[in-house]
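Student: Please take a close look at one part of this structure for me. I would like to know how it is built and what it touches.

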Amino acid sequence: MARTGSGIRRGQTAAGWLFTAPVLVILGLFLLVPVLMAAWVSVSDWTGRGSPFAGGVHFVGAENYGTVLWSGGLAESDFGISLKNNFWYVILVVPLQTIVALFLAVMVNRRMLRGRGFFRTAYYFPSVTSSVAITVLWLFLFSASGAVNAVIGWFGVKGPNWFNDPDGIFHFGAQTGPAFLTRPTALGVSLWDWIGGPSVAMTAFVILAVFTTGGTFMLLFLAALQNLSEEVEEAALVDGASSVQRFFRVTLPQLKTTLFTVLTLGLIGCWQVFDQIYTGTRGNPSKTTLTPAYLSYQAAFGSNEWGPAAAIAFILFAIIIVFTLIQRWVLAERAVSKRRMKWIADYQATLARSAKGGSR
Amino acid sequence: MTMSNTRELAEGVGLMGGGTAAPRAPRVRERWTPGRAVAQGAIYAILIAIAVIYIFPFLIDIATSFKTEPDAAANPLSLIPQTWTTAAYQQLFLNSDFPIWFKNSVIVTVFVTAGRVFFDSLAGYALARLDFRGRGVIFAVLVAIMAVPNIVLLIPKFLVINQLGIFDSYAGMILPLLVDAAGVFIMKNFFESIPVAIEEQARIDGAGSFRIFWSIVLPMARPALITIVILSFQGSWNELAHFIVSTSDPSLTTLTKGVAQLASGQLSQGTQYPLKLAAGAIMTIPVAIVFFIFQRRIVNQSTGAVKE
């Protein structure tokens, strides 16, 4: 390498590379290389035997992508179903978790509140527990004779057998739809099924996600609320605005950036739901809790369909990366220059990201 | 009181590890009226009701783990077992692989947490302070890497682990988790927020980069390091997907993988809810302990956690 600057600077070059080497090597080996290898597998006919770089493995072009996108076979309809399931999961979880988080944050941000440490801890606790432990608990709470149905029973309603009920909640009990809805299909799934909403089983996972992520995102909103301009707030107070008016006219507009962050982090997380499905239902009942992430895992490790499995992973990658790029692009426009605030914001974004799969 | 709001938030939930708020002007006080008192009461009622919803499931978990199976099915809401039994725990600890799962989770978590604390801060320091060629590129690569969604790496990671011949080994379980880009960023941003003067003095006195990092900078980085510890501990203890694709040997099963398989009935017959809930409760204890310990530690050393 060419001499750059003084001796001190040269010493720093060696140290700089040495200090970052472990991170670069490990991330390169277990992040970059895997992505490249999977890219190859997604366009090859590798079946899981030996090395994907061995002589007998061939390039097959877009065949694997075709298998899951336009083959007309079971692989396509499975992928279609998984997309439909995850789509409804996203549609319900993202707005609900955002509203819950914002509501909790506003409630525990009150100045005169006694015991707010307790309330914050209580609401945040589900976020730190493992998705496996929570899912196990959920299986029990939502079992046919479980706690949730017992509570529903107080109101004289007979609760469903949650995790074994494949009926779409927007079918309202109807078993078959009219022909104009059942005939047209997209990705091997009928329009009737697409509009049927999540199954009752998937709905239980939706509730689980809202329960566990509400606290995580509450922290993000809380931090933002603490940094609001008090002058504006107090001016509104002096003007006699009601607290509801103050919230919608004064507070909420100032939370726009955080709101956006929470929404996109939610979108990114919800497309990755895996742990709960693996632990809870394995895609059952009737494939109504199948998600692309779980389907990809199942296709590879269950049926040795490595090519299509890698193709699904890349399609999922594409879906998620779109939201990530939108988020980065918009947030870059609003970037705050304060360094310390940046440190805290980064940390919180990590926290929220670690709430993977819209859980924990 | 208002002055410490930010810190209070951080420490109230026990996670931020620093941060201060500028002093603020005294507030306009709201006047007390009977109407306000009623509203105040309603707010507490709502907060308590929500707290019950958030806490009750965990109490049910613990209570059910001490119940018999028929009792668990018949009284799903009751917090007091009809007959107390530790059968579930005996079964877990004496008649199952549970102790092995626990041991594996401990091993992985300890190594991953130690590795992340050291390597993340090392790289974070280099990116924040050392002036070297290629720094910008490394930074850009890390930013790009952070965008790769974890779950998409399931199959890819297996391919590499398999190719490297570390499938079914602690190396395969630990190495891929040993560093994380997000942690590097937290450390980098933290180091950028502390004054550079002391380091410069040490450098003039002839100390090398590692020496400066190790004996001067790192001790100052405690709040950020605690953040890394909490995130790494929680992340690796709760990790499931990575262990599914990096191992198949039962003797390398971690708690998450073992309990997940227990839950989906691969290892058992019947519902066995007390057993499963006991397993879930035990695996929650370490993260809960870390959560509460660090909350207190941060509160205790609150003055001047980060000072500029």
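Tutor: What follows is a walk through chain B, from its fold to its contacts.

This is a predicted model, in which local features need pLDDT of at least 70, side-chain atom pairs count only at pLDDT 80 or more, and totals for chains, interfaces and linings use all residues. Residues are numbered from 1 along each chain as its sequence is written, while chains are lettered from A and ligands numbered from 1 in the order in which they are written.

Start with the fold. Chain B has 15 helices and 0 strands. These are DSSP runs, numbered from the N terminus: H or I of at least four residues for helices, E of at least two for strands. Chain B has 308 residues, and 46% of them are buried. Buried means that 20 or more other C-beta atoms, placed from the backbone, lie within 10 Å of the residue's own.

Now the contacts within the chain. Two residues are in contact if their C-beta atoms, placed from the backbone, lie within 7 Å. Take the contacts in chain B between residues at least 6 apart in sequence: 73% join residues at least 24 apart.

Next, the domains. Chain B splits into domain 1 (35-85) and domain 2 (97-300). The bounds come from an automatic or database domain assignment. Over C-alpha atoms, the centres of the two domains of chain B are 33 Å apart. Where they meet, 7 residues of domain 1 of chain B contact 8 residues of domain 2 of chain B. On the domain 1 side, α2 (34-65) and α3 (69-74) of chain B each supply at least two residues. α2(B) gives the most there, with 4 residues. By class, that side has 2 nonpolar, 2 polar and 3 charged residues. Ala, Val, Leu, Ile, Met, Phe, Trp, Tyr, Cys and Pro count as nonpolar, Asp, Glu, Lys and Arg as charged, and the others, Gly among them, as polar.

Then the partner chain. Here 88 residues of chain B contact 94 residues of chain A. α2(B) gives the most to the chain B side, with 10 residues. That side divides into 60 nonpolar, 19 polar and 9 charged residues.

Last, the core. The largest nonpolar core has 175 residues, and V259(B) is among those with the most contacts inside it. Such a core is a set of buried Ala, Val, Leu, Ile, Met, Phe, Trp, Tyr and Cys residues joined through C-beta atoms within 7 Å. Helix α9 (residues 200-226) of chain A gives this core its largest share, 18 residues. Domain 1 and domain 2 of chain B each supply at least three residues.

Notes
Buried ≥ 20, exposed ≤ 12 C-beta atoms within 10 Å, placed from the backbone.
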